[in-house]
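Please find below some notes on this structure, set out as numbered points. They are meant to be read with the sequence and the structure at hand.

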Amino acid sequence: MRELLEIYTLELQVEGLSPTTIKNKISRLSRFCDYIGTLDNLNKQKINQYIVSLAVSDKSKNEYIKTIRVFLDYLYEEGYIEKEIAIKSYKYDEVIQKELTDNDVEVILKHLKKDKSYLGVRNLTIISMLLDTGLRVSELVSLDVSDIEGDIIKVKAKRKERLVPISPKLK
């Protein structure tokens with residue numbers, strides 16, 4: 001299974017997926033392949049046993065299932081397995097996330113402004129940047145100073161680049 005995982009990693013790189021996406025997929029699949037052992041052990045029952053054994057949240061189990069499902073499709077399409085193995089998504093109750101109100105944001109920012117240390121200023125800048133621009137955390141983490149030109153941030157998202165305006169106050 002390890003050799004197949006290495007071949008699959010190359011396929012993901014050829015598809016042009018980001019290194020972080022590839023790392024996450026391979027991390028999940030690595031654990032899966034270790035559990036399965038050999039291609040001869042690959043069957044629906046063993047896969048379901050693996051999914052049940054995962055000590056992660058229900059939402060995370062579905063991420064594992066999606067990743068495994070795509071990997072199984074790849075193995076079938078490339079002729080490594082003779083028949084398709086269909087696995088179902090994990091059923092769970094979705095937690096409804098609450099939107100932050102203007103008051104919530106005010107309280108958070110007020111609290112962050114109290115801390116004048118380096119970390120306090122950094123944290124305030126991070127939260128302000130996320131709130132002001134709507135950037136994803138992964139996009140913010142991958143920003144360089146050179147991505148900020150005037151009142152615009154060049155955000156490199158997956159295979160596209162987009163321009164995001166920033167307020168003069170945040171700048």
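Which residues do ring pairs link into a cluster?

1. The model is a predicted one, and the points that follow should be read with that in mind. The cluster linked by ring pairs consists of Tyr-8, Phe-71, Tyr-74 and Tyr-80. Within this cluster, the rings of Tyr-74 and Tyr-80 have centres 6.4 Å apart and planes at 40°, so that pair is classed as tilted. Tyr-74 is buried, at 8% relative accessibility, whereas Tyr-80 is partly exposed, with a relative accessible area of 32%.

2. The count of aromatic pairs comes to five. One of them is formed by Tyr-35 and Tyr-50, a tilted pair with 5.1 Å from centre to centre and 50° between the planes. This pair links distant parts of the chain, since Tyr-35 belongs to helix 2 (residues 19–36) and Tyr-50 to helix 3 (residues 44–53), with their positions 15 residues apart in the numbering. Tyr-35 is partly exposed at 32% relative accessible area, while Tyr-50 counts as buried because its relative accessibility is 3%, and buried means under 20%.

3. The structure holds seven salt bridges. In one of these, the side chains of Arg-162 and Glu-139 meet at 2.6 Å, N to O. Arg-162 lies in strand 3 (residues 160–165) and Glu-139 in helix 7 (residues 137–141), so the bridge ties together parts that are 23 residues apart in sequence. Arg-162 is partly exposed, with a relative accessible area of 31%, but Glu-139 is buried at 4% relative accessibility.

4. Two further salt bridges deserve a look. Lys-156 pairs with Asp-147, their closest N and O atoms being 2.5 Å apart; Lys-156 is partly exposed at 48% relative accessibility, and Asp-147 is buried at 5%. Glu-149 forms a salt bridge with Lys-154, where the closest N and O atoms are 3.4 Å apart; Glu-149 is partly exposed at 45%, and Lys-154 is partly exposed at 27%. Salt bridges with shared partners also join Arg-136, Glu-139 and Arg-162 into one network.

5. On the surface, Glu-11, Glu-15, Asp-73, Glu-77, Glu-78 and Glu-84 form a negative patch. Of these residues, Glu-11 is found in helix 1 (residues 2–14) and counts as partly exposed, at 33% relative accessibility.

6. Lys-23, which lies in helix 2, counts as exposed because its relative accessibility is 61%, and exposed means over 50%. The C-alpha atoms of Lys-23 and Thr-9 are separated by 9.0 Å, the two residues being 14 residues apart along the chain.

How values were computed: Residues numbered from 1 in each chain as written. Predicted model: local features only at pLDDT ≥ 70, side-chain atom pairs only at ≥ 80, totals over all residues. Heavy atoms only, no water. Patch = residues over 30% accessible without salt bridge, like charges linked within 9 Å, V, L, I, M, F, W, Y side chains within 5 Å. Areas by Shrake-Rupley, 256 points an atom, 1.4 Å probe, with all protein chains shown as cover. Salt bridge = Lys/Arg side-chain N within 4 Å of Asp/Glu carboxyl O. Lys, Arg positive; Asp, Glu negative; His and termini not counted. Charge placed at Lys NZ, Arg CZ, Asp CG, Glu CD. Helix = DSSP H or I, 4+ residues; strand = E, 2+ residues; numbered from the N terminus. Buried < 20%, exposed > 50% of the residue type's maximum accessible area, 1.4 Å probe, protein only. Phe/Tyr/Trp six-rings, centres within 6.5 Å; stacked < 30°, edge-to-face > 60°.
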